[in-house]
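Dear colleague,

I am passing on the structure we spoke of handing over, and I would be glad if you could look through it with the notes below beside you.

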Amino acid sequence: MKIKIESNGVSLKLATQDENKNVEFKTIVKAYELVTGDELEITENEPSKSVITPESTTNTRTAGDDLENDRTPGWHEPVKVKLMCPYCGKNEVTKTLYGNRFMKCPDCGGKVLLQSATSRWGVPDNNGFYYKATEVFIDRYQAQVNDDLLQEMKEHMESGNVGKDDEHED
Ligand SMILES: [Zn+2]
């Protein structure tokens, strides 16, 4: 049996003289500790779980705070939206109903994602726009899949830089 352990550019090879024999679990653990500098807590009963990396967990925040605001329009109240259709290039000022997640382009009928025109939902920008519609709308299922993917990628990166930067320019 041969084993190779790698961490941070250091690698260590273990081999038994008799190829049919296994490297003892304890030996693997020691080797792992040697390479990584980490100490592992070992429970002999469940060896499979112990060897692999200590996971760095990061708490992530989800967007969607600050939904309430005293200037927030009522549900389905018409609000100004700046449309730049990602499908056909239609560019116009129009209205949509507050609370909607997407609008349909009046020209091509494409579903366009409604995004807050400012950094806070329900707060208009200087020109009175509550929304901007510039990106293709992806339905909820697809968006969820994307979010999960993103989440997974974030969890694999150990940076603490997880805060969501959601600033918009006008
Ligand atoms: Zn269009």
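The notes that follow take up the salt bridges, then a charged patch on the surface, and lastly a tryptophan in a loop.

Please keep in mind throughout that this is a predicted model.

I began with the charged pairs, of which the count comes to three salt bridges. Two of them share Lys-90, which pairs with Glu-92 at 3.4 Å between the closest N and O atoms and with Asp-107 at 3.6 Å between the closest N and O atoms. The pair of Lys-90 and Asp-107 links distant parts of the chain, 17 residues apart, in that Lys-90 lies in the loop between strand S3 (78–84) and strand S4 (91–97), while Asp-107 lies in the loop between strand S5 (102–104) and strand S6 (111–116). Taken together, Lys-90, Glu-92 and Asp-107 are linked in a network of salt bridges.

As to how far these residues are open to the surroundings, Lys-90 has a relative accessibility of 22% and therefore counts as partly exposed, and Glu-92, at 25%, likewise counts as partly exposed. Asp-107 has a relative accessibility of 54%, so this residue counts as exposed.

The remaining salt bridge is formed by Glu-6 with Lys-4, where the closest N and O atoms are 3.3 Å apart. Glu-6 is classed as exposed because its relative accessible area is 57%, the cut-off for that class being over 50%.

Turning to the surface, I found a negative patch that is formed by Asp-147, Asp-148, Glu-152 and Glu-155. One of these residues, Glu-155, is found in helix H3, which covers residues 140–156. With a relative accessible area of 42%, Glu-155 is partly exposed, and this value satisfies the requirement of over 30% that applies to members of a patch.

The last residue I would point out is Trp-75, which is found in the loop between helix H2 (47–50) and strand S3. Is this tryptophan, Trp-75, buried or exposed? Its relative accessibility is 66%, and Trp-75 therefore counts as exposed. Leaving aside the neighbours within four places in sequence, Trp-75 is in contact with Tyr-98 and Gly-99. The C-alpha atoms of Trp-75 and Asn-100 are separated by 8.8 Å, although these two residues are 25 residues apart along the chain.

With kind regards

Methods: Residues are numbered from 1 along each chain as its sequence is written. This is a predicted model: local features need pLDDT of at least 70, side-chain atom pairs count only at pLDDT 80 or more; totals for chains, interfaces and linings use all residues. Side-chain values use heavy atoms; hydrogens and water are left out. Patches are made of residues with over 30% relative accessible area and no salt bridge: like charges are joined within 9 Å, nonpolar side chains (Val, Leu, Ile, Met, Phe, Trp, Tyr) within 5 Å. Accessible areas come from the Shrake-Rupley method with a 1.4 Å probe; for residues, only the protein chains shown count as cover. A salt bridge is a side-chain nitrogen of Lys or Arg within 4 Å of a carboxyl oxygen of Asp or Glu. Lys and Arg count as positive and Asp and Glu as negative; His and the chain ends are not counted. The place of a charge is taken as NZ of Lys, CZ of Arg, CG of Asp or CD of Glu. Helices (H or I, at least four residues) and strands (E, at least two) are DSSP runs, numbered from the N terminus. Buried means under 20% relative accessible area, exposed over 50%, partly exposed in between (1.4 Å probe, protein chains only). Contact means heavy atoms within 4.5 Å.
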